[in-house]
Amino acid sequence: MTSWIRASLIFLQILGQVCRVEFKYCQEAVDNVEIVTSCPTSEQEWESAANRKNCQSTAAQQTCSEPETFLYHCVINGYGNETIEVCAPRRLMIGYCTEFNVAGGVIQSHVLAPCNKTSVLRCDDVYYSTQAYKFLLVRCLVSKLN
Ligand SMILES: *[C@@H]1O[C@H](CO)[C@@H](O)[C@H](O)[C@H]1NC(C)=O
Ligand SMILES: *[C@@H]1O[C@H](CO)[C@@H](O)[C@H](O)[C@H]1NC(C)=O
């Protein structure tokens with residue numbers, strides 16, 4: 001991807017995060033955090049895990065985001081030492097592994113773990129936080145980085 005497209009995307013994401021309210025602390029997401037031993041690694045596993053977690057049941061009541069974007073995630077925590085399942089507002093990710101920061105109550109970049117198309121931590125230039133499983137981004141766990 002050319003650098004101006006990347007720059008535009010980064011600019012748009014920053015703009016989006018400044019303008020929208022949906023990336024603030026989300027109590028409803030924090031309330032449904034569950035520590036798990038592993039994350040789905042295929043679309044099928046993802047679908048059955050998402051069905052089990054049933055984020056739709058709370059999507060309509062929560063006030064963090066539009067119901068359609070309050071979705072199942074299986075990601076690392078902010079310390080990078082646990083995998084967690086959480087229904088939370090989806091975010092666009094650029095250049096980093098995805099974490100759910102429990103203290104901050106948001107899905108965000110795990111800044112200690114950059115990822116890209118050529119690095120060991122492989123990811124697309126831009127991806128939705130819900131898609132982290134496609135790139136096996138649980139490898140961003142501290143224990144697996146060493
Ligand atoms: C993860 O790290 C935090 C902060 O260092 C610690 O409080 C917590 O117990 C750790 N969890 C595990 C499973 O090691
Ligand atoms: C990809 O990530 C690696 C490791 O962080 C870094 O050294 C490299 O410069 C990155 N490549 C691009 C194209 O961003």
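**Close-up 1. The hairpin of β2 and β3 in this predicted model.** Five residues lie between the two strands of this hairpin, and one to look for is Gly80, which takes a positive phi near 70 degrees. On either side of the turn, β2 (residues 70–77) and β3 pair in the antiparallel sense over seven bridges. To find your place along the ladder, start at Leu71, which stands opposite Ala88 in β3.

**Close-up 2. Strand β3 and its pairing with β1.** Here we stay with β3 (residues 83–89), a mostly covered strand in which seven of seven residues are buried. Besides β2, β3 pairs with β1 (residues 34–36), again in the antiparallel sense, through three bridges. Glu34 has Glu85 of β3 as its bridge partner.

**Close-up 3. The largest nonpolar core.** This core holds 35 residues, and Tyr72, Phe100, Tyr127, Leu137 and Cys140 are those with the most contacts inside it. At least two residues each come from α2 (27–31), α3 (43–53), β2, β3, β5 (96–101) and β6 (106–114). The most generous contributor is β2, with five residues.

**Close-up 4. The surroundings of Tyr127.** Setting aside neighbours within four places in sequence, Tyr127 is in contact with Arg91, Leu92, Met93, Tyr96, Cys97, Thr98, Cys115, Ala132, Phe135 and Leu137. Of these partners, Leu137 is also listed with Tyr127 among the core residues with the most contacts.

**Close-up 5. Ligand 2 and the residues around it.** Asn116, Thr118 and Ser119 are the residues to look for here. A polar side-chain atom of Asn116 lies 2.3 Å from an oxygen atom of the ligand. On its own, ligand 2 has 360 Å² of accessible area, of which the protein covers 35%.

Note on methods:
Residues are numbered from 1 along each chain as its sequence is written. Chains are lettered from A and ligands numbered from 1 in the order in which they are written. This is a predicted model: local features need pLDDT of at least 70, side-chain atom pairs count only at pLDDT 80 or more; totals for chains, interfaces and linings use all residues. Side-chain values use heavy atoms; hydrogens and water are left out. A residue is near a molecule or strand if one of its heavy atoms lies within 4 Å of it. A polar contact is a pair of N or O atoms within 3.5 Å; within protein, one must be able to donate a hydrogen and the other to accept it, and residues adjacent in sequence count only if both atoms are side-chain atoms. Accessible areas come from the Shrake-Rupley method with a 1.4 Å probe; for residues, only the protein chains shown count as cover. Buried means under 20% relative accessible area, exposed over 50%, partly exposed in between (1.4 Å probe, protein chains only). Helices (H or I, at least four residues) and strands (E, at least two) are DSSP runs, numbered from the N terminus. Two strands pair if DSSP finds at least two bridges between them. A nonpolar core is a set of buried Ala, Val, Leu, Ile, Met, Phe, Trp, Tyr and Cys residues joined through side-chain atoms within 4.5 Å. Contact means heavy atoms within 4.5 Å.
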